[in-house]
Amino acid sequence: MASSGIRLFLLSLLGFALLAGAEVHEHEFIVQETPVKRLCNEHNIITVNGQFPGPTLEVREGDTLVITVVNHAQYNVTIHWHGIRQFRTGWADGPEFVTQCPIKPGGSYKYKFTIEGQEGTLWWHAHSSWLRATVYGALVIRPREGKDYPFEKPSREVPLMLGEWWNANPIDVIREAQRTGGGPNVSDAFTINGQPGDLYNCSRQDTTAISVKPGETALLRFINSALNHELFVSIAGHKMTVVGVDASYTKPFATSVLMIAPGQTTDVLVTMDQPPTRYYVAARAYISAQGVAFDNTTTTAVIEYDCGCDTDFGPSIPPAFPTLPAFNDTGAATAFAAGIKSPKKVEIPSPVDENLFFTVGLGLFDCKPGQQCGGPNNTRFTASMNNVSFVFPKTDSLLHAHYYDIPGVFTTDFPAYPPVQFDYTGNVSRSLWQPIPATKLYKLRFGSVVQIVLQDTSIVTPENHPIHIHGYDFLVLAEGFGNYDAEKDAQKFNLENPPQRNTVAVPVNGWAVIRFRADNPGVWLMHCHLDVHITWGLAMAFLVEDGYGELESLEAPPVDLPMC
């Protein structure tokens with residue numbers, strides 16, 4: 001009896017020690033207009049603390065972040081902490097009109113949340129209009145003090161944020177598209193850590209450079225923070241070993257090319273085992289849609305070997321250039337996705353309580369009589385899930401309306417299946433191209449196991465859609481092409497070591513099956529992370545009810561929660 005008492009005492013001491021190891025990090029984010037020079041011209045862009053990209057947040061698992069966002073810009077703003085689970089702290093999640101009303105010019109809001117059970121690379125970004133074109137930064141989560149990576153400790157760690165640059169004001173770009181109903185103008189450049197790189201005008205002197213030593217292994221943390229493009233990434237002469245995606249470790253696998261969708265992160269180990277010279281890291285678009293304008297440029301950074309020796313390389317000798325797949329190489333994207341698996345056997349949530357089937361795709365609204373519209377044949381572009389084009393509320397946030405039982409803001413009748421079943425990837429009748437605009441949520445009981453088939457459609461054009469769920473990680477059980485066949489395709493489920501993600505790239509003209517347990521109460525947005533598509537309505541939200549007791553219930557809203 002005495003020995004068990006001592007054991008309990010020691011365990012409680014250990015618990016206190018672990019808790020004591022966690023830190024609270026306080027930051028102030030000043031959202032402001034900042035002059036920068038890119039592609040030969042001066043531009044005023046919206047930044048955090050005058051930095052582009054914004055500050056990198058570095059924490060350990062178990063730490064708490066307290067970030068006061070002060071809005072000195074002329075636009076409404078919110079900040080989303082992409083991939084953070086936000087257990088019971090949905091008020092800090094950030095999507096505008098979903099978990100909060102925006103922070104108005106001159107206003108401020110304190111985001112406070114604890115990072116539990118997540119290690120790796122995430123990021124933060126504005127979640128208001130198209131501000132995230134320039135308002136974004138990395139969020140690096142290391143293991144707790146005394147805990148190691150599940151791979152050899154790298155000599156250096158480098159976040160590499162893949163971005164998208166417009167010479168025009170991105171807010172003006174999307175407002176013009178919304179006015180006409182047409183597609184927005186494509187970007188003028190891609191960037192790595194805010195710089196376009198050597199292949200663009202007036203950019204060579206500021207190209208992002210990564211200094212390395214021969215023989216060392218670096219951990220490169222790639223983040224696709226581009227608005228509207230999935231990207232292929234490759235490094236000249238070097239293999240990459242993928243060890244993590246979306247702040248979940250993976251079974252290590254070697255590859256020469258990555259395909260990263262907006263919202264996704266990919267951690268790779270690279271050993272510097274090549275002759276000591278300069279090598280390009282290059283990224284360019286993966287385009288799966290037919291006949292759609294896209295940014296066909298290539299961004300570069302440079303890996304520079306610092307060997308402390310006399311070398312004949314310098315600015316006069318161009319760096320080695322990698323081989324990148326063709327823009328439309330769906331085979332390369334598919335092969336990369338197939339390589340991502342969890343490092344060990346996963347406990348699969350079961351049995352399934354909610355079997356959902358969501359179509360994801362584009363559509364067209366008829367132009368109002370007497371108007372001229374910029375979409376095909378005088379229409380307006382739209383997008384939907386299960387034929388519902390999501391309309392964000394304007395007078396309240398969904399979470400606030402749910403918490404205080406305010407009627408008239410949303411309904412909870414989002415369909416579990418497409419209202420009309422059809423040949424999703426075939427030749428779709430034009431009568432199905434026009435969705436219904438509405439603010440519909442789907443209610444989930446706390447603790448229920450949810451499985452969703454995400455099915456692309458060929459309406460307007462089939463396309464690879466990166467689907468992100470706020471407040472949750474999920475297991476990707478399978479992906480495939482064509483129409484999902486429950487009988488045949490369920491046999492393809494990986495129930496051994498499926499990857500865990502927060503954003504899944506649903507294959508063009510295909511499908512993905514994901515599963516998670518609804519253990520986080522609140523209102524959680526699910527949307528396509530191509531910003532043009534969320535603008536058009538490719539979104540929905542889950543309302544996860546409280547469970548039993550305080551630990552299974554949403555916290556009360558903070559006193560400084562912005563009002564609409």
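In this predicted model, Arg-445 is partly exposed, its relative accessible area being 48%. Its salt-bridge partner is Asp-353, with 4.0 Å between N and O. Asp-353 is likewise in the partly exposed class, at 41% relative accessibility. Where do the two residues sit along the chain? Asp-353 belongs to the loop between helix 3 (330–338) and strand 20 (354–366), whereas Arg-445 belongs to the loop between strand 24 and strand 25 (449–456), so this contact ties together parts that are 92 residues apart in sequence. The 4.0 Å separation is worth reading alongside the cut-off, which asks for a nitrogen within 4 Å of a carboxyl oxygen.

The Asp-353 and Arg-445 pair belongs to a set of 20 salt bridges found in a search of the whole structure. Another member joins Lys-440 and Asp-413 through their side chains, at 3.1 Å from N to O. Here Lys-440 lies in the loop between strand 23 (436–438) and strand 24, and Asp-413 in the loop between helix 4 (398–403) and strand 23, so parts 27 residues apart in sequence are tied together. Is each partner buried or partly exposed? Lys-440 has a relative accessible area of 18% and is buried, because the buried class covers values under 20%. Asp-413, at 43%, is partly exposed.

A further salt bridge links Asp-489 with Lys-492, where the closest N and O atoms are 2.8 Å apart. Asp-489 is buried, with 2% relative accessibility. Salt bridges with shared partners also build one network, whose members are Glu-58, Arg-142, Glu-157, Arg-221 and Asp-267.

Attention now turns to the sheets. Strand 24, which borders the loops of both Arg-445 and Lys-440, takes part in an open sheet of 5 strands with the order 24-32-31-26-29 and mixed pairing. Which strands form the edges of this sheet? They are strand 24 (441–444) and strand 29 (503–506), each of which pairs on one side only. From one strand to the next, the twist averages 20 degrees. Within the sheet, strand 26 (residues 465–469) and strand 31 (residues 522–528) run antiparallel and are joined by 3 bridges. His-468 has His-527 of strand 31 as its bridge partner.

Another open sheet holds 6 strands, arranged as 10-9-12-17-14-15, and its pairing is mixed too. Strand 10 (189–192) and strand 15 (248–255) are the edge strands; each has a single partner strand, so one side of each has no neighbour in the sheet. The average twist from one strand to the next is 25 degrees. Strand 9 (residues 156–165) runs parallel to strand 12 (residues 217–224), and 7 bridges connect them. In this pairing, Val-158 stands opposite Leu-220 in strand 12.

The edge strand 15 also returns in the pocket analysis, where it supplies at least two residues to the lining of the second largest pocket, as do strand 27 (474–481) and strand 30 (510–517). This pocket has a volume of about 780 Å³. Its lining consists of 28 residues, and those nearest the centre are Ser-248, Ser-342, Val-346, Leu-475 and Gln-500. Which element gives the most to this lining? Strand 30 does, with 3 residues. Sorted by class, the lining of the second largest pocket comprises 12 nonpolar, 5 polar and 11 charged residues.

The largest pocket encloses about 980 Å³ of space. Among its 37 lining residues, Gln-178, Phe-392, Lys-394, Ile-534 and Thr-535 are the closest to the centre. Two or more lining residues come from each of strand 7 (120–126), helix 2 (170–180), strand 21 (379–385), strand 22 (388–390) and helix 6 (531–536). Helix 2 contributes the most, with 5 residues. How does the lining of the largest pocket divide by class? It has 18 nonpolar, 13 polar and 6 charged residues, set beside the 12 nonpolar, 5 polar and 11 charged residues that line the second largest pocket.

Terms used: Residues are numbered from 1 along each chain as its sequence is written. This is a predicted model: local features need pLDDT of at least 70, side-chain atom pairs count only at pLDDT 80 or more; totals for chains, interfaces and linings use all residues. Side-chain values use heavy atoms; hydrogens and water are left out. Two strands pair if DSSP finds at least two bridges between them. Helices (H or I, at least four residues) and strands (E, at least two) are DSSP runs, numbered from the N terminus. Axes are lines fitted to C-alpha atoms, for helices over the stretch in contact, and angles run from 0 to 180 degrees between N-to-C directions. On a 1 Å grid over the protein atoms alone, a cavity is a set of points where a 1.4 Å probe fits but cannot get out, and a pocket is an open set with protein on both sides within 12 Å along at least five of seven lines; lining residues have an atom within 4 Å of a point. Grid points are joined across faces, edges and corners, and a volume is the space filled by probe spheres set on the points. Ala, Val, Leu, Ile, Met, Phe, Trp, Tyr, Cys and Pro count as nonpolar, Asp, Glu, Lys and Arg as charged, and the others, Gly among them, as polar. Buried means under 20% relative accessible area, exposed over 50%, partly exposed in between (1.4 Å probe, protein chains only).
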